[in-house]
Amino acid sequence: MDRFNSNKLKQLREANRITQKQLGDLLGISDRAVSKWESELSKPSGKNLVSLAKIFNVTVESFFENSSIIKTKKENTIAGMESLTELYKIGRGPSSSHTIGPEKACLIFKSRNKDADRFKAILYGSLAKTGKGHCTDEVIRKTFSPYECEVEFNYIYDDIPHPNTMELISYKKNIEQDRIRVFSIGGGSIAFENDVYETPERIYKLDKFTSIASYCEEKNIRLWQYAVENEDEEFSDYMHKIWNAMKTAIKSGLVDTGELPGGLGIQKKAKSLFNNQHVDESPVTKENRIVCSYAFAVGEQNASGEKIVTAPTCGAAGIVPAVLYYQQQKNNFSDESIVRSLMTAGIIGNLIKTNASISGAECGCQAEVGSACAMAAAALGELFELSIDKIEYAAEIAIEHHLGLTCDPICGLVQIPCIERNAVAAMRAINAVNLASFLWNTRKISLDKVIQTMKETGYDMHKSYKETSEAGLAKIHI
Ligand code: SF4
């Protein structure tokens, strides 16, 4: 790889107002190590590079000058937000970099090798080390199906250009036809070796809730209309596909039974939750049970390597669909209304992604489940046609009461506490909307402030509580 760009790191750190000490704490290293990188006395390891890229929302390659591996054509500017199509993605769970990215790569490779009768995938780096727990091999095999695909985990070879590297090979009558190296570069995005990778453009000019709300007020439009104004003409169709994929995940999850993969011995529970009524069930208990069953359905599909929508991540994929599907079943809302509410939810998710984080590895579960809860609350507020103030309050309540939530999945599997946590957060989103409807004019904290607080809390959180499975519930042996 080419020369590490120490200036770039310094610029990003200063632009994000993070001290060397804070950056060191985030990475679990000393501030001296950060100082050495910035003075070109040493350079970060591959693992730290990936963490840096996540922290600053840039690609790993952007830290290198004249990178020949993946050329970044257009750098993100600091201001603005990316398209909502970069937030909502359809793919196989349970992880955007370990399953959605590889799935996308395999689909492209399969379609350009239509004559092949057999495939092979070799996983390197993090894809090899944690791929089993994340079902990377299963997803690859399912994607190449009905063709046979051998998946090899290469734990030894580490001279790789990216920590999430894979090699795909196609054969016909046992003769190799095609071979390509591909990198899963985060958030479900991929880059093929020697291809030009374009960092997604920031198509939204505004990136604070306060400024978006003022703009909407001035133009007398709703938040979903602000999204439509900024996206392209295919956006509405894309969002309908997203909603259809969410519904499919719920429906599939409600009929699925058996054990989740990974060895924890967890039985799928969505079906029984949906069908088993309480002896003397009140309407409130019933609502709770049904909403939770929808969240479990998506969470279990995600944990099984089935198709879900990142909302905003795989681990938190059940919250938004559970809340919206319940409303559609109960009150007959049209698909069009639901899609509009998803757009509003997307604006909230995008604000959090841009100004804080939606990654458990970066800021703990508050960034995943907390963000999803805020999105669901905003979506519900849109569905009920609440004012923008009330929607803001609902989203703010939803994040506020997740502040400090750690990411500590047992055995690194997105199962305990993740699936149950989706169900609890779905109910919390409904509660947040109820509170906001009554108390909105007593609000003291803005959504922008709570997003900033979530980021600071996440950065202060010890790294063992951020998707490392080293602390908290992850220490319990099952
Ligand atoms: S505990 Fe971690 S892996 Fe599970 S949903 Fe939360 S952030 Fe995602």
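This briefing walks you through the surroundings of a ligand and a run of paired strands. Keep in mind that you are looking at a predicted model. Around the ligand sits a shell of 13 residues, and elsewhere in our tour strand β6 pairs with β5 and with β7.

**Around the ligand**

- Of the 13 residues that surround the ligand, the closest are Gly315, Gly360, Cys365, Cys407 and Cys418.
- Two helices to find are α16, covering 365–383, and α18, covering 418–439; each supplies at least two residues of the shell.
- Which helix gives the most to this shell? That is α16, with three residues.
- Sorted by character, the shell holds eight nonpolar residues, two polar ones and three charged ones.

**Strands β5 and β6**

- Strand β5 spans residues 165–172 and strand β6 spans residues 175–186; the two run antiparallel and are joined by eight bridges.
- If you look across from glutamate 167, you will find arginine 181 of β6 standing opposite.
- The hairpin made by β5 and β6 has two residues between the strands, and here lysine 173 takes a positive phi near 50°.

**Strands β6 and β7**

- How many bridges join β6 to β7? There are four, and β7 (residues 189–192) runs antiparallel to β6.
- One pair to pick out is valine 182 with its bridge partner in β7, phenylalanine 192.
- β6 and β7 also form a hairpin, with two residues between them.
- In that turn, glycine 187 has a positive phi of about 65°.

Methods: Residues are numbered from 1 along each chain as its sequence is written. This is a predicted model: local features need pLDDT of at least 70, side-chain atom pairs count only at pLDDT 80 or more; totals for chains, interfaces and linings use all residues. A residue is near a molecule or strand if its C-beta atom, placed from the backbone, lies within 6 Å of it. Ala, Val, Leu, Ile, Met, Phe, Trp, Tyr, Cys and Pro count as nonpolar, Asp, Glu, Lys and Arg as charged, and the others, Gly among them, as polar. Two strands pair if DSSP finds at least two bridges between them.
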